[in-house]
Amino acid sequence: MALLPLLVVLVQSLIQYPQPAGDGLDEATHQRMKERQELLDHEMARLLQELEEQDKGWGAMLSGALQQQWPFWVLAGVLLLLDLWFSCRRRSGEASNNDVREGEDSVDGQEVWTEVKVQESSNASEQRSREKEDHDGGKGESGSGGMKDREKSGYAGNEQGIRLVDRIDWPVEDLERGCSVTAELMESLTRVFVDSVSNSSYPVPTEAIGVGSAFEGWSPRDWDGVYRVLVPLNPPPGHAFHLELNRAGQVAARTFNVCVELVCTCEKEQLAEKPLCFLHHSRKELRRKQKRSLLGTLCTGSYLDVAKTSHWFCQLVRSSWLQVPQWHSWHLAFQPCSRSCRLQLSKGRESLTVEMLFGVRRGDSDIFVVSQPTKATMMASTAWAEMYAVAEAKFFQHIARQLPCESLHLKCLQLFTCILRDTGFSSSTWKTVVMHVLTTVPLSRWHRRAFARRLWDIMAYLDRCLQLTHLRHFVLGNERLPAEISLPPAMRGVVPPNLFEHLARDPAAHREARQAYGRLRFRLGVLLSSH
């Protein structure tokens with residue numbers, strides 16, 4: 001209340017006090033100004049004294065209140081501190097949850113394998129957002145116009161992934177060109193091969209199958225630029241192939257011997273004539289008919305020899321070249337290789353390298369034993385390595401038909417093996433991890449808006465594998481393979497080999513892999529935040 005008279009006096013003085021505009025004031029005005037100033041000074045001093053006395057009174061009252069009710073004020077202070085502490089914890093928890101959701105997206109509790117699971121989030125709001133993601137992604141990616149409209153209206157966190165997926169260097173056109181030229185060449189050569197060996201005792205080449213990353217639609221940084229095809233070989237008449245597992249080989253890189261056996265053909269007829277039976281016709285008659293069994297041409301002992309088969313096949317290609325239409329426009333050169341037939345095709349500035357591998361199918365399955373060597377430094381000439389590339393290619397084709405964005409998983413592979421290169425993890429490791437994640441994360445979530453989430457899913461899976469030093473083989477013993485992929489009956493029940501067995505045996509290598517993962521995670525975070 002004491003402040004009110006002071007304010008009134010100050011306002012009056014501002015209104016009534018004449019503002020000098022110069023030195024033109026008369027003496028009476030100066031006198032009145034002096035008197036008013038003295039009055040104001042006296043009034044100000046009085047008011048300040050009253051305020052000082054009242055402040056002492058208020059201080060005494062406050063001190064008394066504190067002394068009488070100190071428990072109340074202590075409790076209020078404690079509650080205030082607790083409120084500040086919980087606020088800080090809530091903000092830090094939200095930040096860490098965002099990081100976990102970004103890095104380790106849940107997969108609805110589906111098992112990654114017996115020991116590795118991706119935990120399901122209990123946050124109801126997150127679950128609702130995931131359901132919305134599935135709804136939007138599953139029904140709209142088939143129409144490009146509707147998909148783009150939904151992506152534009154999506155939340156900002158997904159825009160980074162969309163921009164990144166659109167900017168990935170995608171060599172599809174070059175790969176399609178190379179694969180098309182290779183497929184046409186092999187189709188022409190196969191027709192000539194069948195005619196050339198139809199009445200001989202040499203293996204019968206069948207339709208070639210494109211294998212490797214190029215025919216799957218992606219290319220890692222370390223790709224050698226070679227288009228590889230597998231040429232399945234069937235036994236000639238009067239012969240049979242039997243595969244014998246090489247027990248000395250490692251479980252994760254199994255090798256087989258192709259045992260060649262003679263079979264009776266006495267009951268068969270060929271062109272209205274009785275065929276010669278290698279078992280029941282005399283050697284003299286066989287020599288007269290110039291018939292030699294496969295055992296006497298391409299075998300070492302009773303096993304099909306890889307080096308001899310490679311040499312024979314190169315000669316077959318050389319003799320067939322002038323009978324295919326490609327010889328008019330392409331120049332053919334052979335590159336030396338003891339376990340395959342490697343060709344260099346050139347036309348002006350365009351150049352193409354094709355490698356033909358030979359293989360024997362395991363029964364009616366999609367698994368072959370092939371001439372391609374394993375990572376082992378030395379392989380016997382009669383050893384044929386087990387290959388799963390055909391089954392993996394069929395798996396990618398099966399997945400592409402169901403994904404909303406059919407190439408998103410391949411762009412994930414392209415990013416990890418090309419853009420984020422030199423991380424210490426091989427292309428085969430990344431391919432195995434991505435294939436496992438494709439069988440755990442619902443396919444409806446593999447759309448462009450969720451590209452960043454899928455990258456973090458792959459990182460989370462790799463992290464868990466490194467923690468357990470266990471990455472299981474994708475084909476061997478995998479019960480989640482689509483039914484259209486045919487495996488030998490004995491292969492489905494085997495224990496999947498551990499591809500990280502070397503990390504489990506070598507702590508230094510495991511520590512280095514963990515450090516490489518940390519660097520990779522940092523680089524991926526920087527990459528996503530910069531787009």
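**Exercise 1. Confidence along the chain**

Find which helix has the lowest confidence in the chain and which strand has the highest.

*Solution.* The model is predicted, so each residue carries a pLDDT value, the predictor's confidence on a scale from 0 to 100.
Step 1. Confidence is lowest in helix α5, residues 144-152, where the mean is 37.
Step 2. The highest value, 96, belongs to strand β7, residues 303-304.
Step 3. Over residues 93-157 the pLDDT is below 50, yet this stretch has 99 contacts in the model beyond near neighbours in sequence.
Step 4. Residues 1-24 also stay under 50, and the model has 19 contacts for them beyond four places in sequence.
Step 5. For the chain, the mean pLDDT is 74, with 60% of the residues at 70 or more.

**Exercise 2. The span of a helix**

Work out what helix α13 should span at 1.5 Å a residue, and compare the result with the model.

*Solution.*
Step 1. Helix α13 covers residues 427-438, which is 12 residues.
Step 2. The expected span is 1.5 Å times one less than the number of residues, and for α13 this gives 16 Å.
Step 3. In the model the end C-alpha atoms of α13 are 16 Å apart, which agrees with the expected span.

**Exercise 3. The surroundings of α13**

Decide whether α13 is largely enclosed or not, and state what covers its buried residues.

*Solution.*
Step 1. A residue counts as buried when its relative accessible area is under 20%.
Step 2. Among the buried residues of α13 are Ser427, Trp430, His436 and Leu438.
Step 3. Because 11 of the 12 residues of α13 are buried, the helix is largely enclosed by the rest of the structure.
Step 4. The cover includes α8 (213-216), α11 (389-400), α12 (408-419), α14 (451-468) and α17 (507-529).

**Exercise 4. A histidine in α17**

Identify the backbone oxygen that lies 2.7 Å from a polar side-chain atom of His510.

*Solution.*
Step 1. His510 is located in helix α17.
Step 2. Leaving aside neighbours within four places in sequence, His510 is in contact with Leu466, Thr469 and Leu503.
Step 3. The oxygen in question is that of Leu466.

**Exercise 5. The partners of β12**

Name the strands that bridges join to β12, and give a residue pair for each.

*Solution.*
Step 1. Strand β12 spans residues 383-387, and five of its five residues are buried.
Step 2. Strand β5 (residues 255-262) runs antiparallel to β12 and is joined to it by three bridges; Phe256 has Trp384 of β12 as its bridge partner.
Step 3. Strand β11 (residues 368-370) is antiparallel to β12, again with three bridges; here Val369 stands opposite Glu386 of β12.

Notes: Residues are numbered from 1 along each chain as its sequence is written. This is a predicted model: local features need pLDDT of at least 70, side-chain atom pairs count only at pLDDT 80 or more; totals for chains, interfaces and linings use all residues. Side-chain values use heavy atoms; hydrogens and water are left out. Helices (H or I, at least four residues) and strands (E, at least two) are DSSP runs, numbered from the N terminus. Buried means under 20% relative accessible area, exposed over 50%, partly exposed in between (1.4 Å probe, protein chains only). Contact means heavy atoms within 4.5 Å. A polar contact is a pair of N or O atoms within 3.5 Å; within protein, one must be able to donate a hydrogen and the other to accept it, and residues adjacent in sequence count only if both atoms are side-chain atoms. Two strands pair if DSSP finds at least two bridges between them.
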